[in-house]
Amino acid sequence: MDTNRHPLDRRRLLAGAAAASTLTLTGLAVAPGPAAAAPAGAGTPLVTRDRIATAALRAPDGSAPAVRIRADFSDRLAAWLAFWSANSPRAWSAPTQVVARVAPAGDALDLHAVRYRRDDEPRAGFTAARRDATHLATLASLHHHFPSVRVRPDGTIRIGDGPAGFTGAPEQVAFAVAACRGLWGDAAATADRWREHAGRVLARAGRPADAGSHAGWAAFTRTSLRRGLGTESYE
């Protein structure tokens, strides 16, 4: 049963923000380090943003400086947050804050938290320190939109710019195995046979496909997002 029927104003607000790329990323430049993937769109201009879609950007220390970010990355982040929100429980407001740091080149982001309001109280829909179903669900939403998504030891998620799709990267396979085990209860899932296990998930969800295909990967990440945020059980 589909339990994710948000009011149209919420969907339109986020979707419109994503389409217009009114990104509200709140973050500071991360410390120099190796990039998670080869830079995408090296010639893309940098733009100044202080939010992602309708959510204000906050740095981990609570400050709110505007950041310089690649225009296409800004667009993708806005679309990602709209997708995450549209598949979250209907009692959650549209995201109000994204806690993150943006890389100096504007082509990567370290995600620490996503906050919303419920019953007029601020809540964390995702936080790096909480390794639970919402962490896996948020990973699913990011893998749905980006080719480079890597979990750091402290639980923060490093996101690299680029078009979405399955590439066979170790991080994608590791996520698929973790999702099969942690969200779908398939303790036997392995990296060698992850497609078989993910295929069973898709069949269970009524969307049979090869999880390694473009459409299959999109379906697997979408259903895992909804499963992890509790908007659909697929039972």
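Colleague: Among contacts in the protein chain between residues at least 6 apart in sequence, what percentage join residues at least 24 apart?

Modeller: For this predicted model, the figure is 64%. The chain holds 6 helices and 9 strands, and 52% of its 235 residues are buried.

Colleague: Let's take a helix pair. At what angle do the axes of H4 and H6 cross?

Modeller: Roughly 45°, with the axes of H4 (residues 170-182) and H6 (residues 214-229) coming within 11 Å. Angles from 35 to 65 degrees fall in the oblique class, so H4 is oblique to H6. The crossing is left-handed.

Colleague: Which residues make the contact?

Modeller: Let me start with the general idea. An α-helix has 3.6 residues a turn, so residues three or four places apart point the same way. In this case, H4 contributes Gln172, Phe175, Ala176, Ala179 and Cys180, while H6 offers Trp217, Phe220, Thr221 and Ser224.

Colleague: And how do the residues of that contact divide into nonpolar, polar and charged?

Modeller: There are 6 nonpolar and 3 polar residues, with no charged ones.

Colleague: How many residues of H6 are buried?

Modeller: Buried means under 20% relative accessible area. For H6 that applies to 13 of its 16 residues, so the helix is largely enclosed by the rest of the structure.

Colleague: What span should H6 have, going by its residue count?

Modeller: At 1.5 Å a residue, 22 Å is expected for its 16 residues, and the end C-alpha atoms lie 23 Å apart, which agrees.

Colleague: What follows H6?

Modeller: Gly230 does, and its phi is positive, near 80°.

Methods. Residues are numbered from 1 along each chain as its sequence is written. This is a predicted model: local features need pLDDT of at least 70, side-chain atom pairs count only at pLDDT 80 or more; totals for chains, interfaces and linings use all residues. Side-chain values use heavy atoms; hydrogens and water are left out. Axes are lines fitted to C-alpha atoms, for helices over the stretch in contact, and angles run from 0 to 180 degrees between N-to-C directions. Helices (H or I, at least four residues) and strands (E, at least two) are DSSP runs, numbered from the N terminus. Angles under 35 degrees count as roughly parallel, over 145 as roughly antiparallel, 65 to 115 as roughly perpendicular and the rest as oblique. A crossing is left-handed if the near helix is turned anticlockwise from the far one by less than a right angle, and right-handed if clockwise. Contact means heavy atoms within 4.5 Å. Ala, Val, Leu, Ile, Met, Phe, Trp, Tyr, Cys and Pro count as nonpolar, Asp, Glu, Lys and Arg as charged, and the others, Gly among them, as polar. The expected span of a helix is 1.5 Å times one less than its number of residues. Buried means under 20% relative accessible area, exposed over 50%, partly exposed in between (1.4 Å probe, protein chains only).
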